[in-house]
Amino acid sequence: MSATIRTQVAIVGAGPAGLTLAGLLARAGIESVVLENRSREYVEQRIRAGLLEQGTVEVLDGAGVGERMHREGIVHHGLHLQFAGERHRIPLSDLAAGRNIVIYGQTEVVKDLIQARLQAGLPLRFEVDDVSVHEIDSERPRVRFTHEGAPFELECDVIAGCDGFHGVCRPAIEKQLQVFSRDYPFAWLGILAAVPPSSEELVYVHHDRGFALLSLRSPERSRLYLQVPADERLEAWPDERIWEELQRRVALDGWTLAEGAVLEKGITGMRSFVVEPMAHGRLFLAGDSAHIVPPTGAKGLNLAVADVTVLADALIDWYASGNAAGLAGYSETCLRRVWRAEHFSYWMTSMLHRLGDDPFDLQIQLSQLRYLVSSEAAARTLAENYVGLPVNHSALAPR
Ligand code: APR
Ligand code: PHB
């Protein structure tokens with residue numbers, strides 16, 4: 001016999017999507033239980049991107065976890081595009097109505113959300129096993145799981161599938177979904193280095209040898225990326241080789257890249273992926289469980305937060321007045337933003353990475369880059385997408 005727990009919203013996954021949703025619901029007085037199959041340590045150590053759109057910052061403030069983010073996060077008003085041996089600044093805030101971005105690691109966002117949840121004494125269980133979702137076509141969906149060897153059944157009104165790309169929620173409704181995807185023949189090798197960033201603002205580098213990106217996590221920590229083949233092994237990249245390759249790709253007259261101890265390194269595959277619709281019955285998918293973007297432009301976390309904002313608003317309305325319109329429109333509303341970000345990250349990826357040996361591709365990329373740094377209209381398009389559309393932008397209205 002399994003013990004039954006009753007809640008309003010069952011949240012599967014304690015990544016940014018699940019934890020932010022739990023935070024937003026708690027503020028509105030809606031109960032939830034968060035189930036995570038990994039340990040707290042694992043979730044808090046996982047290194048991910050670190051660029052927050054202004055809209056994401058506003059939502060995290062609304063979830064009550066803005067304090068450390070505002071203290072330690074670094075506000076950026078521009079970025080650089082480097083190609084053909086020259087570096088050009090794109091003044092993001094000037095072009096995008098004063099909006100900006102904040103550099104603050106996803107790992108830190110997750111730590112803040114977990115701490116707030118546990119401090120408030122709200123349910124969040126790590127290291128649960130055998131999670132499965134049931135009766136999602138009924139008004140009493142259930143999540144079964146085991147925890148510390150004992151079986152449980154979580155009875156709820158709604159399930160939020162925030163369990164990432166490899167979770168169990170999307171497969172549970174697979175037959176109802178249409179899948180859209182694109183794989184890329186390259187990956188990113190990323191390092192975290194103990195050295196102050198050599199450029200205050202991010203630098204996206206187009207180079208014959210492949211893409212490179214200079215980013216940061218703090219005034220003392222640089223985050224750097226290199227394009228590598230999709231099937232590359234990390235063992236092929238000792239630290240010296242990484243620095244040597246970075247130096248070649250990012251070199252610029254009169255400027256040097258400072259090196260430091262490599263604290264972390266990893267290879268991330270690149271993929272575009274969307275399922276439609278993002279909901280079935282009482283199961284709502286949010287974040288990476290419903291869509292993946294390649295990392296160029298750092299939209300993944302921001303999309304996850306935008307999804308759960310829409311879901312939280314819809315649930316608040318539903319519990320307050322019985323109005324189910326928000327829940328019915330959840331997928332449509334989210335997919336508007338999702339496809340904008342899918343296009344943007346695909347476009348940035350295609351423009352900046354070495355695609356192969358075809359000289360036609362190279363000329364098209366260079367033409368696009370020259371246009372971006374010489375036309376205000378073109379630069380504005382990049383800026384508007386990069387800083388992110390406001391969460392309730394009219395461009396996101398139903399189709
Ligand atoms: N049961 C419970 N939890 C699960 C299960 C499961 N069967 N499967 C996966 N999880 C957990 C994962 O361990 C992870 O902590 O769900 C969480 C999903 O979190 P993320 O993968 O971080 O996805 P999401 O919250 O949607 O955030 C999207 O994170 O993956 C990055 O680049 C992505 O920045 C983007 C953001
Ligand atoms: C990062 O700092 O991890 C980062 C920044 C910008 C990107 C991708 C990743 O486009």
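Helices here are DSSP runs of H or I with at least four residues, numbered from the N terminus. Keep in mind that this is a predicted model.

**Exercise 1. Work out what follows helix α1, and how long the helix is.**

Step 1: find the helix. α1 covers residues 16–27, twelve residues in total.
Step 2: check its span. From first C-alpha to last, α1 reaches 16 Å, close to the 16 Å expected at 1.5 Å a residue.
Step 3: look past its end. G29 follows α1, and its phi is positive, near 80°.

**Exercise 2. Decide whether α1 is largely enclosed by the rest of the structure or not.**

Step 1: set the cut-off. A residue is buried when its relative accessible area is under 20%.
Step 2: list the residues that pass. In α1 they are P16, A17, G18, L19, T20, L21, A22, G23, L24 and L25.
Step 3: conclude. Ten of the twelve residues of α1 are buried, so the helix is largely enclosed by the rest of the structure.

**Exercise 3. Compare the radius of gyration of the protein with that of a compact globule.**

Step 1: get the reference. For 399 residues, a compact globule would come out near 21 Å.
Step 2: compare. The protein has 21 Å, which agrees.
Step 3: add the outline. Its C-alpha trace spans about 70 × 45 × 40 Å along the principal axes.
Step 4: turn to burial and contacts. Of the 399 residues, 54% count as buried. Among contacts with a separation of 6 or more, 72% join residues 24 or more positions apart.

**Exercise 4. Tally the charged side chains and locate the centres of the two sets.**

Step 1: count. There are 39 positive and 52 negative side chains.
Step 2: locate. The centres of the two sets lie 1 Å apart.

Conventions: Residues are numbered from 1 along each chain as its sequence is written. Chains are lettered from A and ligands numbered from 1 in the order in which they are written. Side-chain values use heavy atoms; hydrogens and water are left out. The radius of gyration is taken over C-alpha atoms; the globule rule is 2.2 Å times the number of residues to the power 0.38. Buried means under 20% relative accessible area, exposed over 50%, partly exposed in between (1.4 Å probe, protein chains only). Contact means heavy atoms within 4.5 Å. Lys and Arg count as positive and Asp and Glu as negative; His and the chain ends are not counted. The place of a charge is taken as NZ of Lys, CZ of Arg, CG of Asp or CD of Glu. Helices (H or I, at least four residues) and strands (E, at least two) are DSSP runs, numbered from the N terminus. The expected span of a helix is 1.5 Å times one less than its number of residues.
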